[in-house]
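This report goes through the fold and then through a handful of individual sites. Please keep the structure at hand while reading.

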Amino acid sequence: MPTSLSSGSAPRAPKPLYLNFGVQVLAAMVIGLVLGFVARSMGPDAAGNANWLTQTLSTVGSSFVSLLRALVPVLVFTAIVASIANLRELNNAAKLVWQTLLWFAITALIAVAIGIALGLIIQPGLNTEVAAEAARALSSTGSWLDFLKGLIPSNFIGLQASTRVTDGSATTSLNFNVLQILIVSIVVGVAALRVGPAADPFLAFNRSFLKIIHKVLWWVIRLTPIGTIGLLGNAVAVYGWDALAQLGWYAAAIYIGLFLVLFVVYPTLLQVNGLNPIRYFQSAWPAIQLAFVSRSSIGTLPVTERITEKNLGVPREYASFAVPLGATTKMDGCAAIYPAISAIFVAQFFGISLGIEHYLLIVFVSVIGSAATAGLTGATVMLTLTLSTLGLPLEGVGLLLAIDPILDMGRTAVNVAGQALVPTIVAKRQGILNQAVYDNGKSIEDLDADAVPAE
């Protein structure tokens, strides 16, 4: 909330338009689209490989995502531990936790119902032009057994190593399981609370470390315009309109569902709870915009948490709990709309009839199993979890992979919007929302200055 000026101070001069972060990202999207079409028109090089411009766009975009991913494990751990410790400062912590989980479920239920309705009305599986031979092998699948096994950490930091042998050479890569990191973080945070004063030095160190990570992430986030050019440009260069045209009805159903949730359901819920929807979008837009281009709820977490506290007026003690939890489990786009429409698409494409029990299973998986998406681009795992639960052919997922990056942008934007929405609604209903802050938000440049607040 803007502070009042003293009588002797001069008002701060507005920044030039080209220095505005939102304007920079929008300009980057236009540049990315143009460069993407140019790269696609250039075609492959003489050796049949991607041309230099496509390779450059791919490198720039993947480097930006890599920077975000590199900080995810430590960010999730420190944020969850700090959020659990902050619950000590809330008188009604148990009620806030219960209300948060309830509203996570309510919004997911509405989103999956919209997805099912659109799947039945638009019937994307009956209107597609893609051939069954286009199905690709899946690199990862999901099942309830895999999901339950994934809850048990294989090591303290949730790291997993995988080795691939290509042309006689072995390449080993390290990945992390956000769900396992979440479990470890919750256990450590609860244990720290139960230990009592002896854990105070650890919690103080964790808070300081979290502030440092937030600052580093803000530096990375300021690179978003550059990353946007690479990510969006590469998506256009690689996929173009050809793949989208083949699955046009399916893509349309997904984006109509995302639009309805983001611009109809969420504003309605805000209005019902006495909150101005326009003010919400003005405040939350930096996080929604970043989520769209980065395709990572976890990577957007610092912005989401900051705007929830500084722009939307949610108390820090509650926002620091609800937002990190939502970034790993609250996925209205990836875990509700997307698997619902996609499962119906697969059933229609392969000529499989679905009964009422199948639609109820879709609802159950979407509301209960959303943690399987784990905050990064894991919607494919969520979809295979849904298909395996329904007994539908997993080969159908391979049909949809061609345009998944294009869809993932919209899915992640809706995910992050919901992750900021629920804490705001719960805080309002519990009487702890700072209405003056909600009515007078800050720009992302102001938030940057507050990225490391004083205690």
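A residue is called buried when its relative accessible area is under 20%, exposed when that area is over 50%, and partly exposed in between. Asn 311 has a relative accessibility of 0%, so Asn 311 is buried. The model is a predicted one.

**Around Asn 311**

Asn 311 sits in the loop that links H11 and H12. Its side chain has a polar partner in the backbone: a polar atom of the Asn 311 side chain lies 3.1 Å from the backbone oxygen of Ser 283.

Helix H11, which covers residues 301–310, is mostly covered. Of its 10 residues, 9 are buried. Which residues of H11 are buried? They are Leu 301, Pro 302, Val 303, Thr 304, Glu 305, Arg 306, Ile 307, Thr 308 and Glu 309.

Helix H12 spans residues 316–329, and Arg 316 belongs to it. Arg 316 is partly exposed, because its relative accessibility is 31%. Leaving aside neighbours within four places in sequence, Arg 316 is in contact with Asn 86, Glu 89 and Glu 309. Glu 309 is one of the buried residues of H11.

**Asn 86 and its partners**

Asn 86 is part of helix H2. Is Asn 86 buried or exposed? Asn 86 counts as buried, because its relative accessibility is 6%. Its contacts, again without neighbours within four places in sequence, are Arg 316, Glu 317 and Ser 320. The contact with Arg 316 therefore joins a buried residue to a partly exposed one.

Sequence separation and spatial distance can be set side by side for several pairs. The distances in the table run from C-alpha to C-alpha.

| Pair | Separation in sequence | C-alpha to C-alpha distance |
|---|---|---|
| Arg 316 and Asn 86 | 230 residues | 8.4 Å |
| Asn 86 and Leu 193 | 107 residues | 9.9 Å |
| Ser 58 and Ile 229 | 171 residues | 9.6 Å |

Ser 58 is another residue of helix H2. At 31% relative accessibility, Ser 58 counts as partly exposed.

**Packing of H1 and H2**

Two packed helices are described by the angle between their axes and by the distance between those axes. Helix H1 (residues 21–42) packs with helix H2 (residues 52–86) at an angle of about 140°, and the axes are 8 Å apart. H1 is therefore oblique to H2. On the H1 side, the contact is made by Leu 35, Gly 36, Val 38, Ala 39 and Met 42. H2 contributes Trp 52, Leu 53, Thr 54 and Leu 57. By type, the residues of this contact are 7 nonpolar and 2 polar, with no charged ones.

**Ser 342 in H13**

Ser 342 lies in helix H13, residues 333–349. Its relative accessibility is 0%, so Ser 342 counts as buried. A polar atom of its side chain is 2.7 Å from the backbone oxygen of Tyr 338. Not counting residues up to four places away in sequence, Ser 342 touches Tyr 250, Ile 254, Leu 383 and Leu 400.

**Gln 123 after H3**

Where does Gln 123 lie? Gln 123 is in the loop between helix H3 (93–122) and helix H4 (144–150). Its phi is near 50°, a positive value in a residue other than glycine. Gln 123 is partly exposed, because its relative accessible area is 35%.

**Annotated spans**

An unreviewed UniProt entry places the feature "transmembrane region" at residues 21–43, 63–84, 96–122, 174–195, 216–241, 247–269, 335–356 and 362–385. Two of these spans can be described further. Residues 63–84 are 100% helix and 0% strand, and their end C-alpha atoms lie 32 Å apart. Residues 247–269 are 96% helix and 0% strand, with the end C-alpha atoms 32 Å apart.

**The whole chain**

The protein has 19 helices and 2 strands. Of its 455 residues, 53% are buried. Contacts between residues at least 6 apart in sequence were also sorted by separation: 83% of them join residues at least 24 apart.

How values were computed: Residues are numbered from 1 along each chain as its sequence is written. This is a predicted model: local features need pLDDT of at least 70, side-chain atom pairs count only at pLDDT 80 or more; totals for chains, interfaces and linings use all residues. Side-chain values use heavy atoms; hydrogens and water are left out. Helices (H or I, at least four residues) and strands (E, at least two) are DSSP runs, numbered from the N terminus. Buried means under 20% relative accessible area, exposed over 50%, partly exposed in between (1.4 Å probe, protein chains only). A polar contact is a pair of N or O atoms within 3.5 Å; within protein, one must be able to donate a hydrogen and the other to accept it, and residues adjacent in sequence count only if both atoms are side-chain atoms. Contact means heavy atoms within 4.5 Å. UniProt positions are given in the numbering used here, feature names are shortened, and annotations may be inferred rather than shown by experiment. Axes are lines fitted to C-alpha atoms, for helices over the stretch in contact, and angles run from 0 to 180 degrees between N-to-C directions. Angles under 35 degrees count as roughly parallel, over 145 as roughly antiparallel, 65 to 115 as roughly perpendicular and the rest as oblique. Ala, Val, Leu, Ile, Met, Phe, Trp, Tyr, Cys and Pro count as nonpolar, Asp, Glu, Lys and Arg as charged, and the others, Gly among them, as polar.
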